[in-house]
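Notebook open, structure loaded. I want to go through the ligands first, then the domains, then the backbone oddities.

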Amino acid sequence: MTDTHFDLIIIGAGPGGYVAAIRAAQLGLKTACVESRATLGGTCLNVGCIPSKALLHASELFEEAHSGALAKFGISTGPVSIDVAAMQAEKAKAVGELTGGIEFLFKKNNVTWIKGRAAFTSPTSIDVGGTAYTATNFMIATGSSVTPLPGVEIDQKVVIDSTGALELDRVPDHLVVIGGGVIGLELGSVWKRLGAKVTVVEYLDQILPGMDNEIRKESAKIFKKQGFEIKTGTKVIGVAVKGKKATISVEPAAGGAAETIEADAVLVAIGRRPNVEGLALDKTGVAFNARGQIEVGHDFQTAVKGIYAIGDVTPGPMLAHKAEDEGIAAAEFVAGLQGIVNHDVIPGVVYTHPEIASVGLTEEQAKERGEIKVGKFLMAANSRAKTNRDSDGLVKVIADAKTDKVLGVHIIATLAGTMIAEAALAMEFGATSEDIAYTCHAHPTHSEALKEAAMAVQGKPIHM
Ligand code: FAD
Ligand code: NAI
């Protein structure tokens with residue numbers, strides 16, 4: 001074997017690709033990972049999950065101290081101000097530590113990082129910066145990029161995408177977010193907490209597409225209570241930039257009179273699309289569907305033997321943990337083992353305050369499949385949430401009416417992102433709502449609300 005031939009070459013070092021590379025190397029495969037960014041970790045570590053959570057954390061601390069909310073606990077602060085440059089520096093430090101950590105793990109596990117952009121030259125070879133590499137197996141883990149809004153140019157100064165919104169060096173006076181999805185609400189929350197007025201313009205008649213309808217409505221109420229202006233059923237017809245200001249023209253999605261909104265920052269967050277361009281897939285025979293996604297079989301193999309695909313570039317939710325789990329399973333298949341990902345049990349979390357988390361079917365989806373029972377418990381009746389004076393939200397458990405098997409769990413709560421893991425584990429083990437209801441939960445914890453919602457499926461919660 002030469003230095004340019006590998007058992008497996010993975011293209012892309014995001015959570016899908018880097019995790020697959022480490023697992024493959026652990027399983028004894030001679031593995032390389034091609035990444036064109038200056039650092040490893042993909043969208044998630046560089047311009048996604050990690051920097052957004054760093055800013056969400058910092059902005060939450062600022063808001064707590066600044067809003068006067070601490071006074072009721074007897075805590076008084078002096079004047080509270082935000083140094084955006086310092087906040088951004090701390091974020092960059094966290095990102096640097098984590099991306100550097102992946103580089104360390106590559107070295108530790110003997111994964112070769114091929115630096116540069118890969119393009120296929122045949123089903124068994126790629127070109128990276130003029131050097132040819134061959135492999136017995138390839139894995140496409142090229143992720144996704146921001147979906148552009150036709151006619152609206154991103155300049156990363158006034159009109160920004162998520163990457164620009166993570167890099168702002170000032171708090172805008174008025175931020176208009178186009179798209180009431182996960183990015184719009186998370187990054188809208190960051191800049192709102194730091195003092196911006198935030199208007200969300202959403203084309204559909206509800207924010208957070210794909211989530212349980214009741215959760216979408218309840219979330220919108222909470223965001224409005226926090227001061228978000230949310231314009232649903234509204235279409236953006238144009239954005240005009242003059243100097244440091246933007247004028248956004250909108251009209252009702254169903255048609256009607258247009259109006260304009262003035263802003264000094266416009267965040268375009270209308271979704272992401274798979275990265276398939278520039279890979280020269282035509283040299284391999286691998287095709288992509290109308291949405292640009294590469295379809296794969298149960299073993300993550302594309303239509304071409306020996307070429308696998310995982311993560312955002314394939315169908316399914318665009319989530320880091322989905323990409324990671326697929327990376328592990330796909331690497332196991334390449335190594336001749338049986339990899340497993342249960343695509344019915346992939347949790348999703350919106351890291352706003354409160355957090356919004358879900359796993360499994362929405363009430364609407366579950367009803368389409370048969371008779372169901374639904375149990376709910378309000379966080380306002382949960383002792384810990386109440387003690388913390390932070391009790392917006394609810395837990396909703398959906399179970400099959402006949403078998404009682406849990407089909408879906410939806411949570412709005414400060415700790416929803418942590419609580420949903422228990423629901424995912426229960427569903428993975430095929431739990432009934434009764435199983436959750438009769439599991440002893442520590443008191444006082446937010447998790448007791450899940451137990452109570454499960455008890456409510458049987459019609460017998462204690463504290464409500
Ligand atoms: P990516 O992470 O996109 O990585 C693909 C990598 O491939 C990139 O580094 C790219 O440079 C490289 N690449 C592409 N083409 C080539 C090529 N031809 N040659 C060499 N390299 C190439 N998900 C969550 O689960 N939780 C969150 O909290 C969360 N927050 C997010 C916040 C934001 C602002 C954004 C934008 C996304 C967030 N996501 C979150 C989504 C998450 O980042 C993605 O689902 C995840 O990164 C997908 O992983 P991946 O490995 O498929 O692709
Ligand atoms: P999204 O799909 O979550 O939301 C986009 C929103 O924009 C939708 O509500 C859609 O109806 C709306 N929209 C589309 N076109 C529009 C238009 N022309 N005008 C107004 N509204 C329009 O996409 P988003 O927020 O960009 O996030 C992309 C992906 O990144 C998500 O799929 C998500 O999986 C991932 N992500 C995950 C996070 C997490 O797990 N916490 C955080 C951030 C991103």
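Before sorting any shell by class, I fixed my bins: Ala, Val, Leu, Ile, Met, Phe, Trp, Tyr, Cys and Pro go down as nonpolar, Asp, Glu, Lys and Arg as charged, and the others, Gly among them, as polar. With those bins, the shell around ligand 1 splits into 16 nonpolar, 16 polar and six charged residues.

Ground rules for myself. I'm reading a predicted model, where local features need pLDDT of at least 70, side-chain atom pairs count only at pLDDT 80 or more, and totals for chains, interfaces and linings use all residues. Residues are numbered from 1 along each chain as its sequence is written, chains are lettered from A and ligands numbered from 1 in the order in which they are written, and side-chain values use heavy atoms, with hydrogens and water left out.

**Entry 1: ligand 1**

I looked up who sits around ligand 1, calling a residue near if one of its heavy atoms lies within 4 Å. There are 38 such residues, and G16, E35, T43, K53 and A320 come nearest.

Next I checked which elements they belong to, taking helices (H or I, at least four residues) and strands (E, at least two) as DSSP runs numbered from the N terminus. At least two shell residues come from each of α1 (15-26), β2 (31-35), α2 (42-47), α3 (49-66) and α8 (320-334). The largest share, four residues, is supplied by α2.

Then polar contacts, meaning pairs of N or O atoms within 3.5 Å. I found a side-chain N or O atom of R37 at 2.9 Å from an oxygen atom of ligand 1. A polar backbone atom of C44 is 3.4 Å from an oxygen atom of the ligand. A nitrogen atom of ligand 1 has a backbone N or O atom of A118 at 2.9 Å. On its own, ligand 1 has 990 Å² of accessible area (Shrake-Rupley method, 1.4 Å probe), and the protein covers 94% of that.

**Entry 2: ligand 2**

Which residues come closest to ligand 2? I noted I183, E186, E202, M318 and V349, out of 22 that surround the ligand. By class I get 14 nonpolar, four polar and four charged. Helix α6 (residues 182-193) gives the largest share of this shell, three residues.

E186 also makes a polar contact: one of its polar side-chain atoms is 2.7 Å from a nitrogen atom of ligand 2. V349 uses a polar backbone atom, 2.7 Å from a ligand nitrogen. G271 puts a backbone N or O atom 2.9 Å from an oxygen atom of ligand 2. The protein covers 79% of the 840 Å² of accessible area that ligand 2 has on its own.

**Entry 3: domains**

I pulled up the domain assignment (bounds from an automatic or database source). It lists domain 1 (5-146 + 273-334), domain 2 (159-270) and domain 3 (348-457). Why do I place ligand 2 between domain 1 and domain 2? Both give residues to its shell, so it lies between them.

The centres of these two domains, over C-alpha atoms, are 27 Å apart. Counting contact as heavy atoms within 4.5 Å, 17 residues of domain 1 touch 18 of domain 2. Together they bury about 1400 Å² (accessible area, 1.4 Å probe, lost on being put together and summed over both), with 65% of it on carbon and sulfur atoms.

**Entry 4: backbone oddities**

Most residues other than glycine have a negative phi, and most peptide bonds are trans. I went looking for exceptions.

- H353 to P354 is a cis peptide bond, omega near -5°; P354 is in the loop between β18 (348-350) and β19 (355-360).
- H443 and P444 are also joined by a cis bond, omega about -5°, and P444 is in the loop between α12 (433-437) and α13 (448-457).
- F300 has a positive phi, near 65°, and is found in the loop between β16 (272-274) and β17 (307-309).

Definitions and conventions:
Polar contact = N/O pair within 3.5 Å; in protein donor to acceptor, adjacent residues only side chain to side chain. Buried area = accessible area lost by both parts, 1.4 Å probe.
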